Amino acid sequence: MTDEAGANNQPAGYVPPAVWEWDRSNGGQFAQINRPVSGATHDAPLLVGRHPLQLYSLGTPNGQKVTILLEELLAAGHAGAEYDAWLIEIGKGDQFGSGFVALNPNSKIPALADHAATPPTRLFESGSILLYLAERFGAFLPSAPAARAETINWLMWQMGSAPFVGGGFGHFYAYAPFKIQYAIDRYAMEAKRQLHVLDTHLATRDYLAGDAYTIADMAVWPWYGGLLDGAYDAREFLDVGAYPHLARWSAAIAAREPVRRGRIVNRVTGEPGTFLRERHEAADIDRALAGG
């Protein structure tokens with residue numbers, strides 16, 4: 001690329017160097033926590049509560065997937081799904097503490113340790129955690145081969161698609177230090193394509209895998225139901241009212257009591273009744289939902 005060709009680039013005249021170098025000031029809202037290397041930045045052992053399942057997370061869409069499943073399991077009578085949910089404040093760099101990095105070398109929430117095994121089983125990546133818990137408790141993952149495959153299809157679809165919504169559309173529309181039309185248009189087009197995929201699919205079935213509510217729904221809902229609910233303040237921009245079947249599905253899931261409970265765990269802000277920093281017993285959620 002020549003300097004002349006770079007005149008219309010953003011910033012004007014920018015030409016990628018032969019070898020990229022990290023500019024610590026570049027990155028917008030997340031400049032202070034993003035970095036091009038992995039590993040711990042400080043010593044911080046993880047706390048361990050009294051339940052076998054120890055979750056370390058934040059109430060983002062990826063974090064909500066796991067707490068929703070755990071609350072669904074408890075509501076379905078699986079007492080062994082009791083858990084402690086410890087807050088990992090990614091804006092403060094908690095994910096780079098030594099204990100968290102040992103649990104998840106990728107330094108992303110959520111991460112789970114199952115102390116029912118010796119040594120504890122470590123789990124990271126939300127989809128991996130959902131599959132592990134569904135198989136461990138024999139719930140929300142169909143046993144019939146075709147239905148199981150369809151559930152995993154949509155679980156993997158979410159894991160591959162949502163980064164275009166969050167790291168793509170959400171970042172450039174809401175968080176980037178300045179607006180870049182090309183980037184916003186590119187990712188808005190993909191976000192709307194994904195919304196249309198879901199809306200078209202849900203026109204002929206109650207849930208993503210068919211008639212049964214599964215971990216696929218729990219994985220997809222926090223991201224795409226979130227867009228319908230106003231994530232990134234983009235409801236009007238994305239014209240989310242154009243997806244009625246997706247809206248019907250999203251409302252049905254939002255009305256579930258375990259979803260109502262799970263979605264507030266490890267959230268740190270909001271109106272009373274919408275957030276709970278940590279959860280160590282069911283009563284913690286009861287108090288939070290009551291506004292306490």
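Is Asn266 buried or exposed in this model? Asn266 is buried, with a relative accessible area of 1%. We will come back to this residue below, after a walk through the sheet, the helices and the cores. Please keep in mind throughout that this is a predicted model.

## The sheet and its strand order

Let's start with the sheet. Four strands make up an open sheet in the order β2-β1-β3-β4, and their pairing is mixed. At the edges sit β2 (83-87) and β4 (121-124), each of which pairs on one side only. On average, and ignoring direction, neighbouring strands of this sheet are turned by 15° against each other.

The mixed character shows up pair by pair. β1 and β2 run parallel and are joined by five bridges, with Ser57 finding its bridge partner in Leu87 of β2. The chain gets from β1 to β2 through α1, and this β-α-β crossover is right-handed. By contrast, β1 and β3 pair in the antiparallel sense over four bridges; here Gln54 stands opposite Ala113 in β3.

## The β3-β4 hairpin

Strand β3 (residues 111-114) also pairs with β4 in the antiparallel sense, over four bridges. Two of the partnerships are Asp114 with Thr121 and Leu112 with Leu123. Together β3 and β4 form a hairpin with six residues between them. Pro119 lies in that loop, and the peptide bond leading into it from Thr118 is cis, with omega near -5°.

## Two covered strands

In a regular strand the side chains alternate between the two faces of the sheet. In β3, Ala111 and Ala113 point one way while Leu112 and Asp114 point the other way, and all are buried. The edge strand β2 gives a similar picture: Tyr83, Ala85 and Leu87 on one side, and Asp84 and Trp86 on the other, are all buried. That makes five of the five residues of β2 buried.

## Helices against the sheet

Which strands does helix α1 touch? Helix α1 (residues 61-75) packs on the sheet and touches β1 (53-57) and β2, its direction making about 150° with that of β1. Helix α3 (residues 126-137) lies across β1, β3 and β4 and runs at about 135° to β4.

Helix α10 (residues 282-289) has Asp284, Ile285, Ala288 and Leu289 as its buried residues. Seen down the axis of α10, these buried residues fall within an arc of 125°, so they line one face of the helix. An α-helix has 3.6 residues a turn, so residues three or four places apart point the same way. The buried residues of α10 pack against α1, β2 and α9 (257-262). After α10 comes Gly291, with a positive phi near 90°.

## Two nonpolar cores

The largest nonpolar core has 61 residues, and Leu133, Ile215, Tyr224 and Trp249 have the most contacts inside it. Helix α6 (residues 215-229) gives the most to this core, with ten residues. What does Ile215 contact, leaving aside its neighbours within four places in sequence? Its contacts are Leu69, Leu130, Leu131, Ala134, Phe140, Leu141, Thr151 and Leu155.

A second, separate core has ten residues, including Tyr56, Ile88, Ile109 and Ala111. Ile109 is also of interest for its backbone, as the next section shows.

## Backbone details worth a look

Most residues other than glycine have a negative phi, and most peptide bonds are trans. Against that background, a few places deserve a check. A cis peptide bond joins Ile109 and Pro110, with omega about 0°, and Pro110 sits in the loop between α2 (98-103) and β3. The bond from Thr118 to Pro119 is cis as well.

Two residues that are not glycine have a positive phi. For Asp239 the value is about 50°; this residue is in the loop between α7 (235-238) and α8 (244-254). For Asn266 the value is about 65°, and its place is the loop between α9 and α10. Their surroundings can be set side by side: Asp239 counts as partly exposed at 44% relative accessibility, whereas Asn266 is buried at 1%.

Notes:
Residues are numbered from 1 along each chain as its sequence is written. This is a predicted model: local features need pLDDT of at least 70, side-chain atom pairs count only at pLDDT 80 or more; totals for chains, interfaces and linings use all residues. Side-chain values use heavy atoms; hydrogens and water are left out. Two strands pair if DSSP finds at least two bridges between them. Axes are lines fitted to C-alpha atoms, for helices over the stretch in contact, and angles run from 0 to 180 degrees between N-to-C directions. Contact means heavy atoms within 4.5 Å. Buried means under 20% relative accessible area, exposed over 50%, partly exposed in between (1.4 Å probe, protein chains only). A nonpolar core is a set of buried Ala, Val, Leu, Ile, Met, Phe, Trp, Tyr and Cys residues joined through side-chain atoms within 4.5 Å. A crossover is right-handed if, with the strands pointing away from the viewer, the path from the first strand over the helix to the second runs clockwise. The arc is that of the directions from the helix axis to the C-beta atoms.
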